[in-house]
Amino acid sequence: MSVSQAIAVDRPPPQARGWPRVRIIGYALVGLWVLFGIGIVAYLVHAWNADFFARYAPAYLQGLGTTLSLVIISMVTGAILSLPVAYGRMSKNRILSGLAYCYVYFFRGTPLLVQTYLVYYGIGSFRPELETVGLWWFFREAFYCGVFAFSLNTAAYQAEILRGAIESVPRGQWEGAASLGLHKLQTLRKVVMPQAIIVALRPYGNELILMIKASAIVAIITVYDLMGNAKLAYAKSFDIQAYIWVAMVYLVLVEILRHGVEWIERRITIHLKR
């Protein structure tokens, strides 16, 4: 065998030309979405109601503050709760691992709406017992019940994100740190977590976006968040703009978060780019 034959490589397939069916369908779907967006904007311009905006805009702003408060408190509380759950999932102790698995399985396997109902209507039905232990002040408020349910739910997802990110770091990193005399806590804080954060950032961003969109659920349990105020505005005006505007606000929030996560990712991975 000659040298030229030994180093010969296959040429890449020729680039597809023309307009295959997949490309046509893709452009058609994009065109439909563009037309839909133009139609929504045209409708809002044509049906602009200054009185509606002046009357309900303050309520929307108040609802936006409630939504952001709910999501931020739930995400922070869920992050704290996810630490022992992630530790249990990675533990070699079968009892701890089994309890953590059951927790994650339940909260990831059941709808958040059902969990919110169980907290608001289920735990709230034990008023005498809650008053005895001094917890009725918490569970009688719909907002606190929403925070409680959302925190438990996102803790399960964040625990899996954290576990997956830590386990993605090669085992050699732990062994190398141990050879330098670092104990496990130092290794986790200084060696493993900086690498795990890069892996976990995008899933954490997705979880935050999902929480923003799922926060509309609390409107069903009488919390006047962004969606709750939109329902109230529609009930009083019967104007579909009440829901269109709230959809636009959610869309803007999601886009801001998405671009923010991408910016953070570019900043913390700048050392990986050449």
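# Exercises on helix packing

Leaving aside its neighbours within four places in sequence, F53 is in contact with W48 and P58. The model behind these exercises is predicted.

**Exercise 1. Two phenylalanines in α3**

Classify F52 and F53 as buried, partly exposed or exposed, and set out the surroundings of each.

Solution. Begin with location: F52 is found in helix α3, and F53 is found in helix α3 as well. Next, apply the cut-offs, by which a residue is buried under 20% relative accessible area and exposed over 50%, with partly exposed in between. F52 has a relative accessible area of 7%, so F52 is buried. F53 has a relative accessibility of 41% and therefore counts as partly exposed.

Then turn to the contacts, again without the neighbours within four places in sequence. F52 is in contact with A57, Y60, A233, S237, D239, Q241, A242 and W245, whereas the list for F53 holds W48 and P58. Finally, consider separations along the chain: F52 and D239 are 187 residues apart in sequence, yet their C-alpha atoms are separated by 8.8 Å. For F53 and Q241, which are 188 residues apart along the chain, the C-alpha separation is 9.5 Å.

**Exercise 2. The length and setting of α11**

Check whether the end-to-end distance of helix α11 agrees with its number of residues, and state what its buried residues pack against.

Solution. Helix α11 covers residues 226-237, which gives 12 residues. The expected span is 1.5 Å times one less than the number of residues, and for α11 this comes to 16 Å. The end C-alpha atoms are 16 Å apart, so the model agrees with the expectation.

For the setting, list the buried residues of α11, which are L226, G228, N229, A230 and A233. These buried residues pack against α3 (50-90) and α12 (241-268), and one of them, A233, is among the contacts of F52. A235, by contrast, lies in helix α11 but counts as partly exposed because its relative accessibility is 48%. The C-alpha atoms of A235 and K190 are separated by 54 Å, although the two residues are 45 apart along the chain.

**Exercise 3. Backbone angles on either side of α11**

Which residue follows α11, and what is the sign of its phi? Where is T222, and what is its phi?

Solution. Start from the general expectation that most residues other than glycine have a negative phi. The residue that follows α11 is F238, whose phi is positive, near 55°. T222 is found in the loop between α10 (184-214) and α11, and its phi, near 70°, is a positive value in a residue other than glycine.

**Exercise 4. Three helix pairs**

Describe the packing of α3 with α8, of α3 with α4 and of α4 with α8.

Solution. For the pair with helix α8 (residues 142-168), the axes come within 5 Å and cross at roughly 45°. That angle makes α3 oblique to α8, and α3 passes α8 in a right-handed crossing.

For the pair with helix α4 (residues 94-109), the axes of α3 and α4 are 7 Å apart and the angle is about 125°. The two are therefore oblique to each other, and their crossing is left-handed. The contact is made by V85, Y87, G88 and R89 of α3 and by L96, S97, A100, Y101, Y103 and V104 of α4.

In the third pair, α4 and α8 pack at about 115°, with axes 9 Å apart, and the crossing is left-handed. Here Y103, V104, F107 and R108 in α4 meet L152, N153, A155, A156, Y157 and E160 in α8.

**Exercise 5. Annotated spans against the model**

How much helix do the UniProt-annotated spans 68-87, 208-228 and 64-261 contain in the model?

Solution. The unreviewed UniProt entry annotates several spans as "transmembrane region", including 68-87 and 208-228. In the model, residues 68-87 are 100% helix and 0% strand, with end C-alpha atoms 29 Å apart. Residues 208-228 are 48% helix and 0% strand, and their end C-alpha atoms lie 20 Å apart.

The annotation "domain: ABC transmembrane type-1", also taken from the unreviewed UniProt entry, covers residues 64-261. That span is 83% helix and 0% strand, with its end C-alpha atoms 21 Å apart.

Terms used:
Residues are numbered from 1 along each chain as its sequence is written. This is a predicted model: local features need pLDDT of at least 70, side-chain atom pairs count only at pLDDT 80 or more; totals for chains, interfaces and linings use all residues. Side-chain values use heavy atoms; hydrogens and water are left out. Helices (H or I, at least four residues) and strands (E, at least two) are DSSP runs, numbered from the N terminus. Buried means under 20% relative accessible area, exposed over 50%, partly exposed in between (1.4 Å probe, protein chains only). Contact means heavy atoms within 4.5 Å. UniProt positions are given in the numbering used here, feature names are shortened, and annotations may be inferred rather than shown by experiment. Axes are lines fitted to C-alpha atoms, for helices over the stretch in contact, and angles run from 0 to 180 degrees between N-to-C directions. Angles under 35 degrees count as roughly parallel, over 145 as roughly antiparallel, 65 to 115 as roughly perpendicular and the rest as oblique. A crossing is left-handed if the near helix is turned anticlockwise from the far one by less than a right angle, and right-handed if clockwise.
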